[in-house]
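Subject: Protein model for you to look at

Hello,

Here is the structure I said I would pass on. Please open it next to this message and follow the notes below.

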Amino acid sequence: MSKSGVLPPWLVLDPLLRGWLLEDIGKGDRTTNSLLKADVTLGSAKWVAKAPGVIAGLPVAARVFQLLNEKVSFVAVADEGAFCEMGQVVAEMSGSLDALLMGERVALNLAMRLSGIATLTNKYVERIADLPAHLVDTRKTTPGLRLLEKYATAVGGAINHRMGLDDAVMIKDNHIAAAGGIGEAITRIRSQIPYTLMIEVETETIEQVKEALEYHADIIMLDNMPVDLMRQAVQLIRQQDGRVKIEASGNVTLETIRAVAETGVDYISSSAPITQSKWLDLSMKIS
């Protein structure tokens, strides 16, 4: 199992975390503030997995609590990316009870969401673990959560596709229609982008694959192709230009991913690990 997920720096994440805390706390935690004085009553708690799955997001959870009180101690008992059984303790924390109680929901929500993504991602990855193809994610992410959701797919064993519209060129069907063809789209775009950017083209037919090859696309996506047609396209690309990377996409499921990988593609992109994942149930218990 991959544990290669790398979090962005806190300089990037802190504004997001602060915003989510402000959304939940509002003008103040009526319950906690009425019961406890800030930074006075100390206590400890533990997080327990209520279902089996891959753990992701514990460093983010720790940061949530520490933004409320920097003295809070958060110890990850489970490694990031580890598979945990139901009933297993995954983290222990101690410090001001007001910070633990106020941060509980935001921290748990994030860890449960990210762990759910990592868990489903790992199921997809395991289906093709003995084949050369790699699973990659997509831009179908929850607004505001992209950085963390893509981090979770990496923890689960996938490779991140582009993070946004600015870090790679992907010419999709609507771009092709707007430009009047694949060749015209590649020509116009290549004249305006930095030379370091790669160009990926989405294709649906063998004719489009041939055009993408003619105009020297760097990556060719085989979109929603039947497996037999995909295999033909892979053979054609390999014969004509060995440098071109091949990506398969479109309605990839746990049942179909292996057949897609066996066609010889380099990458298989799927939104399912993010869009179809179920939160992994975690619970916090105050000692």
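Start with strand E1 (residues 42-49) and strand E5 (residues 89-96), which pair in the antiparallel sense over seven bridges. Strands here are DSSP runs of type E with at least two residues, helices are runs of type H or I with at least four residues, and both are numbered from the N terminus. Two strands pair if DSSP finds at least two bridges between them.

Before going further, note that this is a predicted model, in which local features need pLDDT of at least 70, side-chain atom pairs count only at pLDDT 80 or more, and totals for chains, interfaces and linings use all residues. Residues are numbered from 1 along each chain as its sequence is written, and side-chain values use heavy atoms, with hydrogens and water left out.

Strands around E1 and E5

Within the pairing of E1 and E5, Trp-47 has Ala-91 of E5 as its bridge partner, and Val-48 stands opposite Val-89 in E5. Val-48 also has a bridge partner in E12, namely Ser-283. Strand E12 (residues 282-286) runs antiparallel to E1 and is joined to it by five bridges. E5 in turn pairs with strand E3 (residues 73-76), in the antiparallel sense and over four bridges. One place to find this pairing is Phe-74, whose bridge partner in E5 is Met-93.

The protein as a whole

The protein has 11 helices and 12 strands. Its C-alpha trace spans about 70 × 40 × 25 Å along the principal axes. Of the 287 residues, 51% count as buried; buried means under 20% relative accessible area, exposed means over 50%, and partly exposed is in between (1.4 Å probe, protein chains only). The accessible surface comes to about 14200 Å², and 52% of this surface belongs to carbon and sulfur atoms. These areas come from the Shrake-Rupley method with a 1.4 Å probe, and for residues only the protein chains shown count as cover.

Contact means heavy atoms within 4.5 Å. Among the contacts with a separation of 6 or more, 72% are between residues 24 or more positions apart.

Strand E9

How many of the five residues of strand E9 (residues 219-223) are buried? Five of the five are, so E9 is largely enclosed by the rest of the structure. Both of its faces are covered: Ile-219, Met-221 and Asp-223 are buried on one side, and Ile-220 and Leu-222 are buried on the other. E9 pairs with strand E8 (residues 199-203) in the parallel sense over four bridges. In E9, Ile-220 stands opposite Val-201.

Ser-269

Ser-269 is found in strand E11 (residues 267-269). Its relative accessible area is 3%, so Ser-269 is buried. The side chain of Ser-269 makes a polar contact with the side chain of Ser-249, at 3.1 Å. A polar contact is a pair of N or O atoms within 3.5 Å; within protein, one must be able to donate a hydrogen and the other to accept it, and residues adjacent in sequence count only if both atoms are side-chain atoms. Not counting residues up to four places away in sequence, Ser-269 touches several residues, including Met-221, Asp-137 and Val-252.

Helix H5

Two residues are worth finding in helix H5 (residues 146-155), and one of them is Val-155. At 2% relative accessibility, Val-155 counts as buried. Val-155 and Ala-118 are 37 residues apart in sequence, but 6.0 Å apart in space, C-alpha to C-alpha. Glu-149 also lies in H5. Is Glu-149 buried or exposed? Glu-149 is buried, with a relative accessible area of 0%. Leaving aside neighbours within four places in sequence, the contacts of Glu-149 include Arg-113, Thr-141 and Ile-274.

Two positive phi angles

Most residues other than glycine have a negative phi. His-216 has a positive phi, near 60°, and is not a glycine. His-216 is found in the loop between helix H8 (206-214) and E9, and is partly exposed, with a relative accessible area of 47%. Asn-251, also not a glycine, has a positive phi of about 55°. Asn-251 lies in the loop between strand E10 (245-249) and helix H10 (257-261), and counts as exposed at 69% relative accessibility.

Regards
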